[in-house]
Amino acid sequence: MKYAVVTGASSGLGADFARNLSARGYGLILVARREDRLKALAEELSTPVEIFTADLSRREECERLGEFINGFKVTIFINNAGFGDCGSFVSSDIKKEMQMIDVNVTALHILSKIALKQMEKNDERSYLLNVGSSAGILPAGPYMATYYASKAYVVSLSQAIACELQEARSNVSISVLCPGPVKTEFNDVANVNFSLPGISSKRCTSYALSQMFKKKTVIVPGPMMKLAGLVSRILPRKICIKITGMQQKKKLHG
């Protein structure tokens, strides 16, 4: 059976990716820290499910996951684990920021390499989907500086890998999902209130997978975020960053 790996699968986008892929007939390897959430999700799904609890902010846990998936025919790998934080750079919690970089950047980097090496051994089409953010296609994000920088890394890395895979005529394609606001638990973890309406997690993941299977490199759900990306390429960077900062200030709790 073909398997799909989904990190950050305990809620939000990760859980909806799992539901969608199970409906398509894929076995699932669900990865997150919260085992109870993963078990509850597994009971919903109609295909075989493996639960792998891990703290992906630790490199050895990423490597342990790589060893575990060696025993399965993985043809889809979704790097969904990640989180954000909101506040001025001077006042934000350095420990939370470093953990954010460990998960959003380091873990994604390690797991992308592990997944690509394993899936290139498959004798069929395989897919790597990195979950970025609209933050990654904008110049910078005052009051969410570290988060924006981490997602810019995800977008840049994914686009570069996509070029390499295309030139090598690899059986693996890579996509990066860059949504705007999505109705998930992200808000609470990041300590924000979105100033713009969010799309549903189910709609976001369904669109992302449809575009992933078409081998689209940069996936931006919704016309509003597509327009924002276009405008950011036209406006001077300084003005774009100022506008983004104004929007970020509206997200701060209190």
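A cavity here is a set of grid points where a 1.4 Å probe fits but cannot get out, and its lining residues have an atom within 4 Å of a point. With that in hand, here are the close-ups of this predicted model.

**View 1. The second largest cavity and its lining.** Thr7, Leu56, Asn79, Asn80, Ala81, Val103, Ala107, Leu108 and Leu111 line this cavity, which holds about 30 Å³ of space. Helix H4 supplies the largest share of the lining, 4 residues. Sorted by class, the lining has 6 nonpolar and 3 polar residues, with no charged ones.

**View 2. The largest cavity.** Searching the whole structure turns up 2 cavities of 30 Å³ or more, and the largest encloses about 70 Å³. Its lining counts 13 residues, and Asp85, Gly87, Ser92, Glu97 and Ala145 are the closest to the centre. H4 and helix H5 (145-167) are the elements that each give two or more residues to this lining, with H5 providing the largest share, 3 residues. The lining divides into 7 nonpolar, 4 polar and 2 charged residues.

**View 3. Lys113 on helix H4.** Look for Lys113 within H4, which covers residues 94-119. Lys113 counts as partly exposed because its relative accessibility is 46%, and partly exposed lies between the 20% and 50% cut-offs. Lys113 and Ile161 sit 48 residues apart in sequence, while their C-alpha atoms are 9.8 Å apart in space.

**View 4. The chain around these sites.** Stepping back, you will find 9 helices and 9 strands. Of the 254 residues, 52% are buried. The chain exposes about 12300 Å², with carbon and sulfur atoms supplying 53% of that area.

How values were computed. Residues are numbered from 1 along each chain as its sequence is written. This is a predicted model: local features need pLDDT of at least 70, side-chain atom pairs count only at pLDDT 80 or more; totals for chains, interfaces and linings use all residues. Side-chain values use heavy atoms; hydrogens and water are left out. Buried means under 20% relative accessible area, exposed over 50%, partly exposed in between (1.4 Å probe, protein chains only). Accessible areas come from the Shrake-Rupley method with a 1.4 Å probe; for residues, only the protein chains shown count as cover. On a 1 Å grid over the protein atoms alone, a cavity is a set of points where a 1.4 Å probe fits but cannot get out, and a pocket is an open set with protein on both sides within 12 Å along at least five of seven lines; lining residues have an atom within 4 Å of a point. Grid points are joined across faces, edges and corners, and a volume is the space filled by probe spheres set on the points. Ala, Val, Leu, Ile, Met, Phe, Trp, Tyr, Cys and Pro count as nonpolar, Asp, Glu, Lys and Arg as charged, and the others, Gly among them, as polar.
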